[in-house]
Amino acid sequence: MEIRKASVSDMFGWLISSFKLVGKYWGTFMLAALVSLAAIFLLAFVAGLVIGLGAAGAAMGDVNSIDWQKIALMYAAILLVALILVPPFIAGWFVLTGKLADGQSASLGDLFSGYGDATRWKKLIAFGFIGAVLNIAVQGGYILICMALGIGSDDIGQFMSAQLNNDPEAMAGLSSGFWAAYAGIILIGSVLQTAFMLGFCQVALTDTGAVDSVKDGIAATLKNLGSLLLFMLAMLLVVIAAALVIALLAGLLIAAISMLNSNIALALGAVLYILLLLFIYPLMFSFQYLFWRDVLGGGGKPATVSDSEVLI
């Protein structure tokens, strides 16, 4: 299988093409993103309800009376359910995006095409499991190395406390070593996500097996690692600048409306946040699909999806 090398300009080209693709099919993409958000909120609600009910027998404020083993088992069961249900849905996103990008007819039902074939479903679950294990192993190994070297390990407790208490002063007091280690976690996580998503495209859109798709995603990421890191650095600066501008404009708008009615301002903030999420999902999947198509596409036979496999 040939793995092609891309430049930074190619990656910015994919980003521009992603905006164009989402703009051209914004109705279909927005509906798909809305379904995705609804599914995420439903899973989160069920998970919170199950775990909350598990701790409901504890006396108010008495942490020692909570059966943490039971909570852990419930959490593990929820993760198992997510591992079974989520991979076909992600694959459906790539099927939908691929059809739209290639000018084929597509519908919201393509999101659920991964559930129509038991063999394909098992392959997607296997890929998701392997990817999750690799992520945990690499990230966990990195954290253990940092702790063994004493890099930022003394600040972990302070960081967790600052997060829980929303204490910016405590966050500012963290050492440079901790922030360096934290930046490393973000960097490693971003590279792993790229490899994982490239492999996901491979397993979802071709007949390649789960293990080979993982290998292909990692190989393609490593071959394009230099360009990817430069692109990520440039995008970080762009995102920070854009976030500052958007946050400033949104903040001024919400502040102006809050002077009239605070409830309307709160509702507007929630709407803007949801709209941002609805736009980010299609952009992310479009970019990852174009990345895969130009770097790995053609490395396996296309996976056929019959009309009987579409559930809606």
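Visitor: Is phenylalanine 112 buried or exposed?
Guide: Phenylalanine 112 has 19% relative accessibility, so it counts as buried. Buried means under 20% relative accessible area, exposed means over 50%, and partly exposed lies in between, with a 1.4 Å probe and protein chains only. This is a predicted model, where local features need pLDDT of at least 70 and side-chain atom pairs count only at pLDDT 80 or more, while totals for chains, interfaces and linings use all residues. Residues are numbered from 1 along each chain as its sequence is written, and side-chain values use heavy atoms, leaving out hydrogens and water.

Visitor: What about tyrosine 115, buried or exposed?
Guide: Tyrosine 115 is buried too, at 18%.

Visitor: How many aromatic pairs does the structure hold?
Guide: A pair of aromatic rings is described by the distance of the centres and the angle of the planes. Rings of Phe, Tyr and Trp (its six-membered ring) pair if their centres lie within 6.5 Å; planes under 30 degrees apart are stacked, over 60 edge-to-face, the rest tilted. This structure holds 17 such pairs. Take phenylalanine 112 and tyrosine 115: their centres are 6.5 Å apart and their planes meet at 35°, so the pair is tilted. Now look at phenylalanine 231 and phenylalanine 287, which are stacked, with 5.4 Å between centres and 5° between planes.

Visitor: Where do phenylalanine 231 and phenylalanine 287 lie?
Guide: Phenylalanine 231 is in helix α9 and phenylalanine 287 in helix α10, so their pair ties together parts 56 residues apart in sequence. Helices are DSSP runs of H or I, at least four residues, numbered from the N terminus. Both phenylalanines, 231 and 287, are buried.

Visitor: Which residues do ring pairs link into a cluster?
Guide: Phe29, Trp93, Phe94, Phe127, Phe196, Phe200 and Phe285.

Visitor: Which residues of the largest nonpolar core touch the most other members?
Guide: In soluble globular proteins, nonpolar side chains tend to be buried together. A nonpolar core is a set of buried Ala, Val, Leu, Ile, Met, Phe, Trp, Tyr and Cys residues joined through side-chain atoms within 4.5 Å. The largest one here has 48 residues, and Trp14, Trp93, Phe94, Phe200, Phe291 and Val295 touch the most other members. Eight helices each supply at least two of its residues, including α1 (8-24) and α10 (262-295). Helix α10 gives the most, with 10 residues.

Visitor: Which residues is tryptophan 14 in contact with?
Guide: Contact means heavy atoms within 4.5 Å. Leaving aside neighbours within four places in sequence, tryptophan 14 is in contact with Ala6, Phe287, Leu290, Phe291, Asp294 and Val295.

Visitor: How many salt bridges does a search of the whole structure find?
Guide: Side chains of opposite charge can pair when their charged atoms come close. The rule for a salt bridge is a side-chain nitrogen of Lys or Arg within 4 Å of a carboxyl oxygen of Asp or Glu. The search finds 3. One joins lysine 99 to aspartate 110, with the closest N and O atoms 3.0 Å apart. Lysine 99 is in helix α3 and aspartate 110 in the loop between α3 and α4, so this pair ties together parts 11 residues apart in sequence. Aspartate 110 is buried, at 3%. Arginine 293 pairs with aspartate 102 at 3.2 Å, closest N to O. That pair links distant parts of the chain, 191 residues apart.

Visitor: Which residues do salt bridges that share partners join into one network?
Guide: Arginine 293 also meets aspartate 294, at 3.7 Å, N to O. Shared partners thus join Asp102, Arg293 and Asp294 into one network.
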